[in-house]
Amino acid sequence: MTTNGDDRTASRTDWDAAAPSFDDEPDHGLRDPEVRRAWAGRLRAWLPGRPSDVLDLGCGTGSLSLLAAEQGHRVTGVDSSPAMVDLARAKLAGRDAAFLVGDATSPPVGEQRYDVLLVRHVLWALPDPGRVLRQWRGLLRPGGRLVLVEGVWGTVSPVGIPADLLTGLLAPIAGELRVERLSDDERLWGRAVDDERYAVVASVQVLGQE
Ligand SMILES: C[S@@+](CC[C@H](N)C(=O)[O-])C[C@H]1O[C@@H](n2cnc3c(N)ncnc32)[C@H](O)[C@@H]1O
């Protein structure tokens, strides 16, 4: 089974079974120092300059959570796979971070609100992403932002969310929004890629503040 972001059966993947080898992919485990540096640099630009509360939804083994924690942010990760959550807890042991088993569309965080929702390679596989984005908006503090890393994987029968579709879904709720193309930076993937990969960083009007 492949467990890349380009996995055509992501919504049906047994993520518990995939967890032990998930980090073997260069952009998952970030074990190669150059790949790790590339993601750290992007993340630094996407996250606020001050220490912030970051909610990493579909956090997997916590690789991006760890980078965010290393940059001084307080991280909460949520994943529906207990095996992924166990690995994330181990990876961030001793850090200012907490990991919860739960559904990214309705994370079990109670009344807690966040400065950033960080979501990599998860939204495209969730049913009704437009509705999910509206729900996520309610988890942000005023001035909060969404950092969404997505793509369209494969060229023969591509799957994923094209950037223009995602920005269209964001239009009703987003303020300032920028799309960053990631396909051309092979340091991020550990190899050259020719499909569409991108990040969207969007400030969001929180409910009641429109
Ligand atoms: C392709 S992996 C990405 C992991 C991580 N975001 C990363 O970039 O390394 C997708 C992750 O989303 C999780 N996931 C899938 N559907 C989910 C849902 N509805 N709620 C929470 N987590 C989910 C899976 O368990 C898996 O860990």
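## Annotated domain

The UniProt record, an unreviewed entry, assigns the annotation "domain: Methyltransferase type" to residues 55-148. In this predicted model, the C-alpha atoms at the two ends of that span are 12 Å apart. Helix makes up 29% of the span and strand 32%.

## Confidence

How does the chain score? The average pLDDT of the protein chain is 93. A score of at least 70 is reached by 92% of the residues.

Residues 1-9 have a pLDDT below 50. In the model, this stretch makes 14 contacts beyond near neighbours in sequence.

## Around the ligand

Which residues come nearest to the ligand? There are 19 residues around it, and the nearest are Trp 15, Gly 58, Gly 60, Ala 104 and Arg 120.

The shell around the ligand is mixed in character: 9 of its residues are polar, 7 are nonpolar and 3 are charged.

## Two packed helices

Helix 3 spans residues 33-46, and helix 4 spans residues 63-70. They pack at an angle of about 60 degrees. Their axes lie 10 Å apart. The crossing is right-handed.

Which residues make the contact? Helix 3 supplies Trp 39, Ala 40 and Leu 43. Helix 4 supplies Leu 64, Leu 67 and Ala 68. The contact of helix 3 with helix 4 has 6 nonpolar residues, with no polar and no charged ones.

Technical notes: Residues numbered from 1 in each chain as written. Predicted model: local features only at pLDDT ≥ 70, side-chain atom pairs only at ≥ 80, totals over all residues. UniProt positions renumbered as here; feature names shortened; annotations may be inferred. Helix = DSSP H or I, 4+ residues; strand = E, 2+ residues; numbered from the N terminus. Near = placed C-beta within 6 Å. Nonpolar A, V, L, I, M, F, W, Y, C, P; charged D, E, K, R; others polar. pLDDT = per-residue confidence, 0-100. Contact = placed C-beta atoms within 7 Å. Axes fitted to C-alpha atoms, helices over the stretch in contact; angles between N-to-C directions. Left-handed = near helix turned anticlockwise from the far one by under 90°.
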